[in-house]
Amino acid sequence: MKTLIRTAVTAVALATVTAACTSSAGGPPAPPKKTTLGAVRLVAYNSCDDMLAGLREKAAANVGPWGFGGVMPLTARAEDTAAITPNAKTAVPEHSTTNVHEAGVDEPDLVKTDGNRVITVTGGTLRVIDTATRKVTSTLKLTEGDERVFAPADLLLSGDRALVLFRGFGDVMFKASSALPYGDTRYVLVDLAGEPKVLSTVKPQGTYVDARMVGSTVRIVTRSQPTIELPQPKDNASEAERIKANQAAVRQAPIEAWLPKIEITDASGAVRNDVVKCERVSHPADYTGTSLLTVHTLDLAQGVTATGTDPISLAADGDIVYGTGTSLYVASNPRWWSVFPMPVEDTPEVPPAEEPTPEEPKPTPTIPPEETEIHWFDVGSPGPPSYVASGKVSGRLLNQYSMSEHDGHLRVATTLTSADGKNSSSTVHVLKADTLAKSGEIGGLGKGERIYSVRFIGPVGYCVTFKQVDPLYTLDLRDPAVPKVTGELKITGYSAYLHPGGEGRLIGIGQEASEQGRTLGTQVSLFDVSDPASPHRLSQLFQKDSGSEAEWDPHAFLYWPKTGLSVIPLTQQNESGALVLKIDDSGVSKLGMIKHPAQRGQDYQPGIQRSMVIGDTIWTFSQEGIQVNDAATLASQNWIPLR
């Protein structure tokens, strides 16, 4: 199956963007330098006026009778690889870290540790737990006077600095002036040296998408929509009339409606308001004008300096983030519910009232092509990133594991479904990393099925598709121009997450299923992939009528290569806890279950979300508390309540 890949024209890297929005005493600003990069033309807005005109027209063409379509979907984020942290000092116990996709690129999670202490945020309160005494040593309320006590939060940790990322609840097309432009998204920098204290709070306009940290530098991606007050529709107004009125409002909106705003509060409580400048906004050739991606840069070691978060913006959409040490990719999956309205110019005029009024034709919605947009930012240098390239591939990504950068190329796995939903097929696209232009592709994977998991390890790829049985495909990606399938394994059920298990081994977490495709319960598989032409399953552990959070959130998966210890959350009909396994070269075996104590007034165990190894103990985390168990015997040693 031939799959079309179109590379979008991209905006110039920030290093070459000139401040074209204001005049200087020396005369009008020079136009931005036009640069070529391979086959990709780099473009920037020529001025604020140019930017406003482009955004107005693009947004007007995409506004519908009710605004800019649906909100962004909630996405299951998937990340990987719990690293072993060696002893930096003899006093620091050996410990696991967050399971991340790329080594050296940290990802936000519910809990973090440096071996000596554990930091977590639950119910809006940050807590620091000493791993030696296993006691909470300090707390910091981050939602004082705030009704969002249960706002979800993620953490990043570097030295004595923690960054708490409170997720917003979505951004909307504003129809009332009373709407809050900052939503609920907040990034709180906390000093952990001594008694914890807030150093600064950043409130960006829009919704938090995701973040990545290399060293102590964090790149945070937010998504915002223009703050345009749309007119109240008249009674019995047709869709065409609503569209026309909304388009008129969009075409009158000022540039401030699009430029993302940032509110920064320092430790003293002083507030300053920033806005992304026009010269820091770029655009690909094909964009809707209905959303902007903003990348904030924050060095936890330095804190929020005079430059704020050094934001840059891109007139694009995005909901999946993948990062390496030098690259940040933001991808936007297609939204099936988005429809492009029929242009008002093509809408028939309504006859005068005195004449008979025929039934008015309604705009015919069209399903946009199922394409995924990918935007690449260069984060290899200090300071703000540079936007370098954008591209498109056909189909839909599963999660960030659908992307992988290796040896100058980006591999992207997608599933393309027909408009009627009856046919589907998956493809692995290989793009040049510097331009996102097509190098090669291998299609026709899992016809009639969709991708359930993907893993790229160096020049090899693994892809699982499923409908009734689980084909595990092994892919040879050494030649980017001619990727190929080298092997296929068909078994019942599927793996929703794939993890490297050592030389020639691959671990799969997913569901067993009947031959008719009905899921039966959690399964953990160990695959022998030493021979790419003949992958086979060495071992399987099956837990009937159960599910695991690790299937859709690999942060919940713990694998400790030193001993083969593995822990995953498990929920069954009558109990929940953490399943403890041993995975060695030959198979998967069950060691036991860790359960948290039922709380007062409850007759069930709290659901365990995360686990980590610290020294010779296993620490497990739920919303109710933290439990410490002996790693060898699984005997419970401590319970640390969090409520």
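**Exercise 1. A four-stranded sheet**

Which residue in β24 does T372 stand opposite? Once you have found the residue, work out how the sheet around it is put together.

*Solution.* Please keep in mind throughout that this is a predicted model.

Step 1. Start with the residue pair: T372 stands opposite V393 in β24.

Step 2. Widen the view to the two strands. Strand β23 (residues 371-378) pairs with β24 in the antiparallel sense, over eight bridges.

Step 3. Now add the other strands. The open sheet has four strands in the order β21-β22-β23-β24, with antiparallel pairing. β21 and β24 (386-394) stand at its edges, and each has a single partner strand, so one side of each is left without a neighbour in the sheet. From one strand to the next, the twist averages 20°.

Step 4. Look at the other end of the order. β21 is joined by four bridges to strand β22 (residues 327-332), and the two run antiparallel. They form a hairpin with three residues between them. Within this pair, G323 has L328 of β22 as its bridge partner.

Step 5. Finish with the side chains of β21 (residues 320-323). I320 and Y322 point one way, V321 and G323 point the other way, and all are buried.

**Exercise 2. Helix α1 and its surroundings**

Compare the end-to-end distance of helix α1 with the span expected at 1.5 Å a residue, then describe what the helix packs against.

*Solution.*

Step 1. Helix α1 covers residues 48-62, which is 15 residues. At 1.5 Å a residue they should span 21 Å, taking 1.5 Å times one less than the number of residues. The end C-alpha atoms are 21 Å apart, which agrees.

Step 2. Check the start of the helix. There, a side-chain oxygen of S47 comes to within 3.4 Å of the backbone nitrogen of D49.

Step 3. List the buried positions: C48, M51, L52, G54, L55, A59, A60 and N62. The buried residues of α1 pack against α2 (239-252) and β18 (281-282).

Step 4. Place β18 in its sheet. Five strands make an open sheet in the order β14-β15-β19-β20-β18, with mixed pairing. β14 (207-214) and β18 are at the edges with a single partner strand each, so one side of each is left without a neighbour in the sheet. Inside this sheet, strand β19 (residues 292-299) and strand β20 (residues 312-314) run antiparallel and are joined by three bridges; V295 has I312 as its bridge partner in β20.

**Exercise 3. The disulfide**

How many disulfides does the structure hold, and which parts of the chain are tied together?

*Solution.*

Step 1. The structure holds one disulfide. It joins C48 to C278, with an S to S distance of 2.0 Å.

Step 2. Locate both ends. C48 lies in helix α1 and C278 in the loop between β17 (271-275) and β18, so the pair ties together parts that are 230 residues apart in sequence.

Step 3. Read the geometry: the angle about the S-S bond is 110°, and the link of C48 and C278 is right-handed.

Step 4. Check accessibility. Both C48 and C278 are buried.

**Exercise 4. W258 and S539**

Are W258 and S539 buried or exposed, and what does each contact?

*Solution.*

Step 1. W258 sits in the loop between α2 and β16 (261-266). Its relative accessible area is 1%; the cut-off for buried is under 20%, so W258 is buried.

Step 2. Leaving aside neighbours within four places in sequence, the contacts of W258 include L52, L55, R56 and A59, along with P226, I228 and V250. W258 and Q225 are 33 residues apart along the chain, and their C-alpha atoms are separated by 7.0 Å.

Step 3. S539 belongs to strand β36 (residues 536-544). With a relative accessible area of 13%, S539 is buried as well.

Step 4. The side chain of S539 reaches the backbone nitrogen of V588 at 3.0 Å. Leaving aside neighbours within four places in sequence, S539 is in contact with V524, S525, L526, S586, G587 and V588.

**Exercise 5. The whole chain**

How many helices and strands does the chain have, and what percentage of its residues is buried?

*Solution.*

Step 1. There are two helices and 45 strands in the chain.

Step 2. Of the 643 residues, 56% are buried.

Step 3. Among contacts with a separation of 6 or more, 57% come from residues 24 or more positions apart.

Definitions and conventions. Residues are numbered from 1 along each chain as its sequence is written. This is a predicted model: local features need pLDDT of at least 70, side-chain atom pairs count only at pLDDT 80 or more; totals for chains, interfaces and linings use all residues. Side-chain values use heavy atoms; hydrogens and water are left out. Buried means under 20% relative accessible area, exposed over 50%, partly exposed in between (1.4 Å probe, protein chains only). Contact means heavy atoms within 4.5 Å. A polar contact is a pair of N or O atoms within 3.5 Å; within protein, one must be able to donate a hydrogen and the other to accept it, and residues adjacent in sequence count only if both atoms are side-chain atoms. Two strands pair if DSSP finds at least two bridges between them. Axes are lines fitted to C-alpha atoms, for helices over the stretch in contact, and angles run from 0 to 180 degrees between N-to-C directions. A disulfide is a pair of cysteine sulfur atoms within 2.5 Å.
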